[in-house]
Structures are given as C-alpha cells and as structure tokens.
Amino acid sequence: MAKPLVLNEIRTRAVKFLQTWKDTAGDERQDAQSFVRDLLAVYGITETRAAFYEKRVKRASTGTQGYIDALVPGLALIEMKSAGKNLEKAEQQALDYVAGLTEAESPRWVLTSDFKRFRLLDLTAPKGEDTIEWTLADFPANSDRLAFFAGYGVRQFGSKDQEAASIAAANLMAELYEALEGSGYDDHEASVFLVRTLFALYADDAGVWERDLFLEFLTTRTAEDGSDLGMSLAMLYQVMATPPERRQKNLDELIARFPYVNGGVFDGTVSIPAFDADMRQKLLKAAMYNWSSISPAVFGSLFQAVKNKKARRELGEHYTTETNILKVIGPMFLDELRQRFVDHQHDPKKLRELRRDMGKMRFLDPACGCGNFLVVAYREMRALDLQVLERLQQLEGKQEWWQAGTMFFDKAHLSVRLENFHGIELEDWPARIAATALHLVEHQANQALELALGVGPDPLPLNKIHTIHVGNALRIDWASVVGPSDRLYVMGNPPFIGISQRTTEQVADLKQVWGPHYHGSLDYVTGWYKKAADLFAKPRYAGAFAFVSTNSITQGEPVPNLFEPIFSTGWRIKFAHRTFAWTSEAPGAAAVHCVIIGFDKRSRKRARLFKYTGNLRGDGVELPVTEQITAYLTDGPNVLVKPRALPLAARLPEVRYGNKPTDDGNLIIEPEDYAQVIADPVAAKYVRRYVGARELLHGEDRWCLWLTNLAPEDLGKSTILKQRVQRVRDFRATSKAASTRKAAQTPHLFRQIALTTTSYICIPIHVSENRPFFPAAHLGPEVISSNANFVADDPDGFAFAVISSSAFITWQKAVGGRLESRLRFNKLLTWNTFPLPDVTEKQRAAIIAGGQAVLDARALHPTRSLADHYNPLAMDPALLKAHRTLDKAVDAALGLKGTVSDEDRSKALFSSYSKLTDSGQLEIPKSRARRKAAN
C-alpha cells in the first residue's frame with residue numbers, strides 16, 4: 001500500500017532524476033512526455049490518472065486547438081520546449097492554454113522547462129514575486145519548490161486566495177448536496193456521506209495518500225451513467241475504515257491501495273445513495289479541484305451552510321473570518337507565547353520550557369459550531385511550535401528523532417496535540433464538520449513541519465477525535481468535558497439572543513445557569529460567561545475565558561447584572577475589543593455589532609484594550625490602559641453604574657417623558673391636514689408646533705391641538721374640534737387599559753402631560769451613534785414635545801449646555817443602552833447618573849455661556865435641521881468652535897485641562913462617579929424632595 005512521499009525520499013529521487021537526464025539533449029517532440037513522467041515520479045505521481053498528458057484544449061488567443069504537455073488538474077500545468085528555447089515564450093503559450101480550462105482544472109502553478117532549465121510561475125503571487133528559475137543541475141537543491149506535486153501545500157493561512165479557494169470548494173459541495181437532496185436521500189445520511197467525500201477529496205490532493213487516487217477510482221471503477229457509484233463509494237468507505245490485516249484478500253487492487261484512515265471519519269454505515277450520470281459528473285468536477293488549498297477554518301463554516309438553501313446562494317458572504325478569531329486568541333494567549341519565543345530565541349533551555357508549557361495548555365470552545373476557533377488556535381499553536389523547533393535545530397543541530405533514517409518524527413514528539421482541543425456543540429452536523437476540520441488542519445500542520453525539518457508524523461491512521469461533544473452547553477457540566485486548571489483557556493462565539501427572541505427552553509437554560517442571580521435583561525450569551533466562571537470556581541484555578549458577544553452586554557441596565565457576580569469572584573478583564581462589526585458564521589446572518597471580552601485571575605500583566613472607528617470593520621487600535629478595563633470597556637475605576645431615581649449631579653434638573661396623546665391621531669395635525677385646520681378660526685387658536693424625535697432631529701413640520709385652556713363653547717363653534725375630540729373619546733373608551741378608559745372623561749387633553757411654563761430642553765430618545773455631540777434642542781413652552789422625547793425645565797440653559805458637551809455624549813456612549821447601534825437616552829441610567837461635580841457659580845456661568853454659544857452658532861443657519869448641524873462629515877466650523885468652548889468649561893468642572901481626549905473624559909467621569917457615589921452625596925436636596933412630593 002503506497003504512501004505519500006516524505007521530503008527526504010523526494011530529495012533522493014531528485015538526485016536520481018538528475019543523473020538520468022543530465023546527459024540527454026532534450027527534444028520537445030521525442031523526450032517531453034518521458035521527462036515529465038520521470039519528473040512527476042520524483043513526487044510519487046506514477047499513475048496515468050494523476051496527470052493528463054497531451055491534453056487537448058482550445059487556445060484563447062486564436063480559438064484553435066492545442067495540446068498541453070501535462071496537466072495536474074487544479075494544481076499545475078507543465079509545458080516543455082526543446083533545449084535552449086525561450087521559457088518566457090513557453091510560459092505565455094501555457095497561459096494561453098489556461099484560459100481554455102474549466103475552473104476546476106485551472107492550475108495555480110505553471111512549470112516550463114527546456115530539459116536544462118526550469119521556470120515556475122505562481123499565478124496567485126504578486127507581480128515581480130511570482131516567478132523563479134533554476135537549472136537541471138540545481139534541481140536536487142530546489143526539489144522542495146515542486147513539493148506541491150506530492151501534496152505539500154505552499155499557502156498563506158487566512159489569505160484572500162485561500163478564502164477564495166474555500167468558497168469555490170464549498171460551492172462544489174453545495175452542488176453535490178443539492179443533487180443528493182433532490183434524489184430524496186436522507187438528510188442525516190447525506191451529511192455523513194458528504195463529510196467522508198470531503199475527506200477523500202482533500203486527501204487526494206494533500207499528500208494523505210497517493211495523489212489523485214480517489215479520482216482514479218471514480219474514473220476507472222464506476223460506470224459513466226452513475227448507476228454503481230453509490231455502491232462503489234459505500235464499499236470504498238468501508239474499506240478505509242478497516243485495518244489492512246482485517247481486509248478481504250481478494251479486494252480490487254485499486255481499492256486495496258487506499259490506506260486505513262480511522263479517526264472516526266468512516267466509522268458506521270449509512271444507506272447506499274443512488275446516483276445518475278449528472279450526479280457522477282458533479283463528483284468528478286469536485287475531484288478535479290485542488291482541495292489542498294482550502295482553509296479548514298473558513299471551509300468549516302461554508303460547509304455547514306451547504307444544507308441551508310438560502311445560505312447556499314450566499315456562500316462566501318457569511319463566515320467567521322480568521323482575522324476576527326485572532327482578535328480573541330491573540331491577546332488571550334498567543335501574543336504572550338510569541339513574545340516568549342522572541343525574548344528567549346537564543347536560550348535553548350527557555351525554548352524547551354516554552355514547548356513544555358505549550359503542551360500543558362488545554363482549550364475549550366463550549367459553542368464550537370464547525371470548529372473555527374479550535375482549528376485556528378491549533379494551527380497557530382502548531383506554527384509557533386514549529387518556529388521553536390526550527391530555532392532549536394539552528395542552535396543545537398538535529399536531534400535523533402529529527403533524523404528520518406533513524407527514527408520517524410512521531411506524534412508523541414509534538415507538544416501541541418489535537419486531544420488538548422475540546423468543543424461542545426448543540427447539533428451533530430457541525431460537530432462532525434469540526435472533527436473533520438481538525439483532522440485537516442493537523443495534516444496541514446504536519447506538512448509544514450516536514451517542509452521545514454524534512455520529517456514529520458505519518459498522516460495515517462488518524463487519531464480518533466473524542467473531544468467534540470454534542471449537547472446543550474448550558475446544561476452540560478463543562479468539567480466533564482475538560483478538567484479546570486490554570487492552563488485551561490475557554491473561548492468562542494456563543495449565540496446572541498435577546499429577550500424577545502428567546503424560546504421557553506432558552507429562558508429555562510439561563511435560569512438554571514444563573515440561579516438566584518438570574519435577571520430577565522441578560523442576553524442568552526451571558527450564560528456562557530457564568531458557566532465559565534463557575535468552571536474555575538475553586539480558588540486554586542486561575543485559567544482564562546474570552547467570548548465574542550453582542551455589544552449590548554456592555555451597555556445599559558444589564559451591565560451590573562452580568563459583571564458584578566464575575567468581578568466579585570476575583571476575575572478581571574484581561575483584554576477587550578470595543579464594538580466592531582463581526583461577520584457571523586450563521587447562514588444568512590448579517591454583520592452584527594460585537595465586543596470581545598477576555599477574563600483572567602491573579603495576573604499582573606497589563607490589560608489590553610482595542611478601539612475601532614470608522615465603519616467598525618477595520619483593524620483595531622490598541623489604547624493605553626493605566627488603571628483597569630471597566631465593564632463598559634473603558635480605562636478607569638471599576639465601578640458599575642446603576643439606575644438612579646434622581647440626578648446625581650446637584651445642579652441638574654429632573655427629566656421626564658414628553659406629552660403622550662393616546663388619541664388615535666386625532667389631536668395631531670399632519671402636514672396634509674394643516675391647511676384645513678388653520679382655516680378654521682376657532683381651531684386655529686389651539687394649534688401648536690408639535691415635535692416628536694423625527695421632527696426634532698430633521699426639522700419636519702407637524703402640529704397638534706393643544707386644548708389645555710379649551711373654552712367649552714368652542715367645541716360648538718368648530719366642527720373640526722368637535723369631531724376630533726369625539727373620536728378621541730370613542731377611541732379611549734374602548735381601550736383594554738382602565739387608565740386609558742378613565743382618560744376618556746377628558747378627551748380634549750393629552751393622555752399624559754409634561755406641563756412646562758418655561759424654556760426647556762427637548763431630548764430625543766434615540767440618536768445616531770455617529771453624531772459628534774448629543775443633538776438636543778432648547779425650546780420655548782409654546783412648542784409641544786411628544787413622548788418620543790424627554791423634556792426638562794431649563795430656564796437658564798444650564799441643562800442644555802451639559803447635554804450638548806463632549807463629556808455627556810462620552811458618558812452616554814459608555815454606560816447607556818442602544819437600539820441596534822443607535823444611542824438610547826435613559827433618564828435613570830445616563831442622565832441621573834451623569835457624574836458632574838457640584839460646580840461653582842463661576843463654573844456654572846461658563847458652562848451656560850458655552851451652551852449659548854452653541855445656540856448662537858446654530859442660529860447662523862436657521863434653516864438647517866439638527867441632523868444637518870451635526871452631520872459628522874460637514875459640521876460648520878463656527879458650531880464646532882462653539883462646542884469646543886463649551887467643552888472647555890465642562891471639562892474644567894471635571895478637573896481636566898489643556899487638550900482633552902474622549903479617553904481622558906471617560907476616565908475622569910468614572911473617577912467622579914466613584915467619588916460621588918462613595919461620598920454620601922446621594923441625599924436628595926430638600927428643594928428637590930419637596931418638588932417631587934408636590935408632583
């Protein structure tokens with residue numbers, strides 16, 4: 001049973017190839033095919049089905065037929081010329097042929113030769129870095145450059161090319177699945193069949209067994225009409241699950257060449273699928289593709305999506321990018337390990353210690369899906385281990401177990417092993433994909449090891465993966481999956497499910513996890529945080545955990561409910577990524593706004609905080625952390641802001657909801673009705689400008705009938721008034737709410753009235769997160785605000801100035817809740833907690849003057865709406881200057897001077913909040929207490 005060649009054997013064969021051909025003149029017509037066959041034999045390609053010789057293809061430039069000397073589909077095209085011929089021209093001829101190939105046949109590499117020289121073109125490399133040449137005499141020293149013929153992938157993990165290859169491969173799988181689904185084959189069994197077929201396709205190209213052995217089986221052992229394909233594959237997959245000593249002696253010679261795979265991939269039997277000619281062609285098309293170039297991490301998500309019809313149409317649009325996964329594992333553990341390597345690269349003892357420590361590390365993804373986090377973590381850990389081994393080789397020379405001739409590099413010599421990577425997944429299908437993806441990435445890591453050191457573990461048989469568990473992670477005891485320790489790292493991307501979307505079972509999950517600490521505002525994802533903290537509950541365990549989460553867990557009222565129980569048990573935030581756009585791996589899911597939060601215990605290492613700006617899809621910028629990361633992902637005192645009934649700042653007024661009509665639209669005058677109402681002289685007396693949030697922000701026109709001083713006789717004088725008031729009474733009288741039915745007794749009045757006789761601030765409940773300042777308005781009592789806004793009496797403009805400051809919007813963004821990504825003003829949580837110290841009269845006057853400067857600057861352009869004024873791309877310089885004057889006054893009250901950043905303000909605000917809430921300044925001033933009692 002032939003095995004893929006190790007590099008040392010390839011190098012030995014390269015020397016023999018040189019000896020065979022060094023004295024041959026080299027004629028394109030007579031010797032080309034023999035030369036190519038011998039060249040491919042160096043890399044173990046000896047069967048005629050592994051390459052197509054003299055393949056006929058249409059030339060793109062002329063439309064005429066030509067012949068490719070040799071083609072390994074999806075991998076390489078070889079074009080031969082007689083000795084001394086121009087290889088660049090030969091390359092151009094080869095590229096002319098490439099344009100006539102199918103997508104599956106198209107190669108990555110173009111190799112040209114005149115028997116004495118070789119020229120290799122990488123079609124995926126940048127111009128200027130894509131070509132290399134060497135002579136026949138130098139072929140043994142350069143034989144590794146063609147190691148891709150033996151299945152050794154030369155790839156950049158996470159590259160766009162690899163992502164594109166994974167998308168193309170997933171589309172081929174989707175075609176196969178659709179064919180099986182259309183035939184009525186059982187869905188679960190189709191899943192098993194596809195996983196096995198995926199492994200066979202990958203193994204065919206990646207050096208797991210003889211190159212294109214599976215393709216040879218399909219083309220030579222199955223009928224063109226596909227009638228025996230299902231039965232043949234079932235038999236083949238059964239053979240690969242059977243050790244050689246237990247196989248039948250009279251097996252077909254080709255089937256017997258397939259090795260024993262194990263690893264659980266081919267365990268168990270499924271029904272035999274029925275194929276037809278078209279389905280067979282789809283499988284052959286897939287077999288022509290070069291599967292060695294796929295990324296197991298990217299492909300896992302895509303493969304999971306092939307079972308969803310909508311997601312199949314969008315393959316490539318929705319998957320978890322490796323870049324985002326690295327945002328978790330980098331600051332969690334990988335960056336520190338890499339730094340240790342850099343710091344100790346000249347110390348063999350320290351390097352061996354690093355390998356031992358890496359071998360003690362354990363990893364758990366308790367929402368592993370198709371295994372993306374585990375795959376990328378394993379790959380990066382193996383890559384670092386290889387760097388350490390290479391450096392040790394440079395410092396100490398080869399160890400005995402690196403010598404292929406003495407002792408093969410066994411898996412026991414690896415410090416990073418698959419059995420240390422654990423996952424929990426709710427569904428069987430993605431769990432199977434996760435296990436298979438781990439097999440693929442292990443093989444890629446072993447190939448990289450062999451390319452670097454010349455020797456590596458035997459790819460087969462696979463170690464069976466027992467570490468992926470199927471079940472509900474919030475019901476499973478995680479300690480039964482992997483024992484807690486100081487070297488355990490829990491990570492992943494659990495599901496985000498808000499209050500309104502949760503099922504009864506999911507609510508029960510959360511209640512069981514949180515116990516007496518359960519609060520209905522907690523997102524479903526918080527169950528994973530609690531389970532992780534509980535896993536390390538014993539004091540001697542100080543591992544680490546980090547999750548991708550909806551950014552809502554760091555906003556608004558839920559924050560103390562999540563973080564207080566975690567902080568109280570000794571955890572601190574080791575690193576965090578503020579809000580950024582994460583592309584979900586869920587089929588059909590759009591990008592969502594997420595955060596990443598990582599916790600550890602008893603660590604003195606500096607915390608790391610990353611900030612994202614612009615469209616939130618770029619690279620984060622690391623911010624300095626001088627104190628600690630708060631639950632709001634800021635740098636400062638670790639306080640938890642809780643809702644308050646009254647303002648913390650002594651000089652700020654209370655805010656209340658605006659006026660609520662509950663009128664079925666009858667007290668509101670829309671633009672199309674305005675002319676009719678204003679033409680009625682009686683009704684016109686009661687018309688007032690009416691602003692909801694939209695009218696406030698965008699300057700749109702709307703009015704209402706404000707009848708607090710209605711003369712009863714006016715109802716008889718105005719048909720419009722009488723009809724509208726009557727319809728209000730009828731509407732309220734039929735309400736299910738007793739309080740609304742009671743309000744039918746005063747149908748001319750708004751249901752709830754926020755009475756004001758003075759100037760006031762009008763605050764929209766929701767505003768865009770992109771506004772540089774909170775866009776509130778200062779209005780006179782003649783303007784009526786709806787309950788889509790908050791209002792507060794503000795005769796001197798002090799409150800308007802405060803809410804218009806950079807300090808306030810910084811606080812709002814830090815502790816306030818959001819609707820989707822928009823800022824949500826909350827009087828209990830953002831206004832009543834705003835920690836403005838008790839200002840002096842001089843400071844108060846400066847703040848009021850700053851607010852008036854803002855109003856004056858707006859008045860320079862009276863036709864502009866608030867939205868126009870605060871367009872972040874087009875703010876008027878005069879308005880911006882006025883805000884800077886206002887900021888200087890408010891910042892001074894917070895103890896800030898000079899050039900002040902939002903990070904400075906955030907730290908000062910949290911520090912002020914900590915002082916105010918600890919200093920006894922929580923008593924209600926007598927004047928305010930009396931006012932509250934009067935209301």
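**Note on pockets, cores and aromatic pairs**

1. The largest pocket is lined by 42 residues, and R578, K611, E769, K813 and D902 are the ones nearest its centre. A pocket here is an open set of points on a 1 Å grid over the protein atoms alone, with protein on both sides within 12 Å along at least five of seven lines, whereas a cavity is a set where a 1.4 Å probe fits but cannot get out; lining residues have an atom within 4 Å of a point. The elements giving two or more residues to this lining are β12 (572-582), α27 (806-815), α31 (877-893) and α32 (902-918), with helices (H or I, at least four residues) and strands (E, at least two) taken as DSSP runs numbered from the N terminus.

2. The model is a predicted one, in which local features need pLDDT of at least 70 and side-chain atom pairs count only at pLDDT 80 or more, while totals for chains, interfaces and linings use all residues. Residues are numbered from 1 along each chain as its sequence is written, and side-chain values use heavy atoms, with hydrogens and water left out.

3. The volume of the largest pocket is about 1,200 Å³, a volume being the space filled by probe spheres set on grid points that are joined across faces, edges and corners. Helix α31 supplies the largest share of its lining, six residues.

4. Five cavities of 30 Å³ or more are present, and the largest of them has a volume of about 80 Å³. Twelve residues line this largest cavity, with V208, H439, H443, P459 and L462 nearest its centre, and α16 gives the most to the lining, five residues.

5. The largest nonpolar core has 111 residues, among which W478, F563, F599 and I847 touch the most other members; such a core is a set of buried Ala, Val, Leu, Ile, Met, Phe, Trp, Tyr and Cys residues joined through side-chain atoms within 4.5 Å. A second, separate core of 65 residues includes V208, W209, F275 and C370.

6. There are 51 aromatic pairs, counted where rings of Phe, Tyr and Trp (its six-membered ring) have centres within 6.5 Å, with planes under 30 degrees apart called stacked, over 60 edge-to-face and the rest tilted. F563 and F599 form a tilted pair, 6.3 Å centre to centre with 35 degrees between the planes. F563 is buried at 0% relative accessible area, and F599 is buried at 1%, where buried means under 20%, exposed over 50% and partly exposed in between (1.4 Å probe, protein chains only).
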